Amino acid sequence: MKQKLVEESKILQAITMSTDTDVSLSSYDEDQGSKLIRKAKEAPFVPIGMAGFAAIVAYGLYKLKNRGNTKMSLHLIHMRVAAQGFVVGAMTVGMGYSMYREFWAKPKP
């Protein structure tokens with residue numbers, strides 16, 4: 001009987017030790033809003049590209065009603081090309097800015 005109690009207490013101790021973890025990682029501590037803000041500060045042209053993409057899509061949807069004699073497929077192709085062009089442009093400018101910050105703007109030792 002005593003041996004059974006000792007075994008049960010060891011099992012209980014093992015269970016509580018395995019669930020009692022005090023691991024605190026900073027990436028898990030921050031919420032989605034603060035993570036988005038941190039990422040936007042690291043790469044500021046990503047949110048600019050996303051906002052431009054959303055603006056072009058919204059403009060395309062607005063103009064969809066009164067596109068005149070233009071076919072729907074042609075209108076959608078033009079909007080897709082404009083949105084992709086804006087995103088690629090924002091990525092290019094962002095890469096240029098990142099390269100400038102890393103290679104030319106660094107103080108030399």
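Okay, before anything else, one bit of vocabulary: a residue is called buried when its relative accessible area is under 20%, exposed when that figure is over 50%, and partly exposed in between. Keep that handy, and keep in mind that what we're looking at is a predicted model.

So, with that word in hand, how much of the protein is buried? Of its 109 residues, buried ones make up 7%. The protein exposes about 9600 Å², and 66% of that comes from carbon and sulfur atoms.

Now the overall layout. You'll count five helices here and zero strands. Walk along from the N terminus and the elements go α-α-α-α-α.

Let's bring in the database record. The UniProt entry, which is unreviewed, carries the annotation "transmembrane region" for residues 43-62 and 82-100. What does the model show over those stretches? For residues 43-62, the chain is 90% helix and 0% strand, with 30 Å between the end C-alpha atoms. For residues 82-100, it's 100% helix, again with 0% strand, and the end C-alpha atoms sit 27 Å apart.

Next, charges. As a general idea, side chains of opposite charge can pair when their charged atoms come close. How many salt bridges does a search of the whole structure find? It finds one. The partners are Arg38 and Glu42, and their closest N and O atoms are 3.2 Å apart. Have a look at where they sit: both are in helix 3, residues 32-42, and because they're four residues apart, about one helical turn separates them. Are they buried or exposed? Well, Arg38 has 32% relative accessibility, so it counts as partly exposed. Glu42 comes out at 43%, so it's partly exposed too.

Glu42 turns up again when we look at Arg101. That arginine lies in helix 5, which runs over residues 72-104. Leave aside its neighbours within four places in sequence, and Arg101 is in contact with Lys41, Glu42 and Lys106. With 37% relative accessibility, Arg101 counts as partly exposed.

On to the aromatic rings. The count comes to two aromatic pairs. One of them is Phe45 with Tyr97: the ring centres are 5.7 Å apart and the planes meet at 65 degrees, so we call the pair edge-to-face. Why is this pair worth pointing at on the screen? Phe45 belongs to helix 4, residues 45-64, and Tyr97 to helix 5, so the pair ties together parts that are 52 residues apart in sequence. Phe45 is partly exposed at 24% relative accessibility, and Tyr97 is partly exposed as well, at 36%.

The other pair is Phe103 with Trp104, also edge-to-face, at 6.4 Å centre to centre and 75 degrees between the planes. Are Phe103 and Trp104 buried or exposed? Both are exposed. Phe103 is found in helix 5, and its relative accessibility is 52%, so it lands in the exposed class by our opening definition, where the cut-off is over 50%.

Last stop: the surface. Which residues make the nonpolar patch of about 720 Å²? They are Met95, Tyr97, Met99, Tyr100, Phe103 and Trp104. You've already met some of those names: Tyr97 was the partner of Phe45, and Phe103 and Trp104 were paired with each other.

That's my tour, thanks for listening!

Methods: Residues numbered from 1 in each chain as written. Predicted model: local features only at pLDDT ≥ 70, side-chain atom pairs only at ≥ 80, totals over all residues. Heavy atoms only, no water. Salt bridge = Lys/Arg side-chain N within 4 Å of Asp/Glu carboxyl O. Helix = DSSP H or I, 4+ residues; strand = E, 2+ residues; numbered from the N terminus. Buried < 20%, exposed > 50% of the residue type's maximum accessible area, 1.4 Å probe, protein only. Areas by Shrake-Rupley, 256 points an atom, 1.4 Å probe, with all protein chains shown as cover. UniProt positions renumbered as here; feature names shortened; annotations may be inferred. Contact = heavy atoms within 4.5 Å. Phe/Tyr/Trp six-rings, centres within 6.5 Å; stacked < 30°, edge-to-face > 60°. Patch = residues over 30% accessible without salt bridge, like charges linked within 9 Å, V, L, I, M, F, W, Y side chains within 5 Å.
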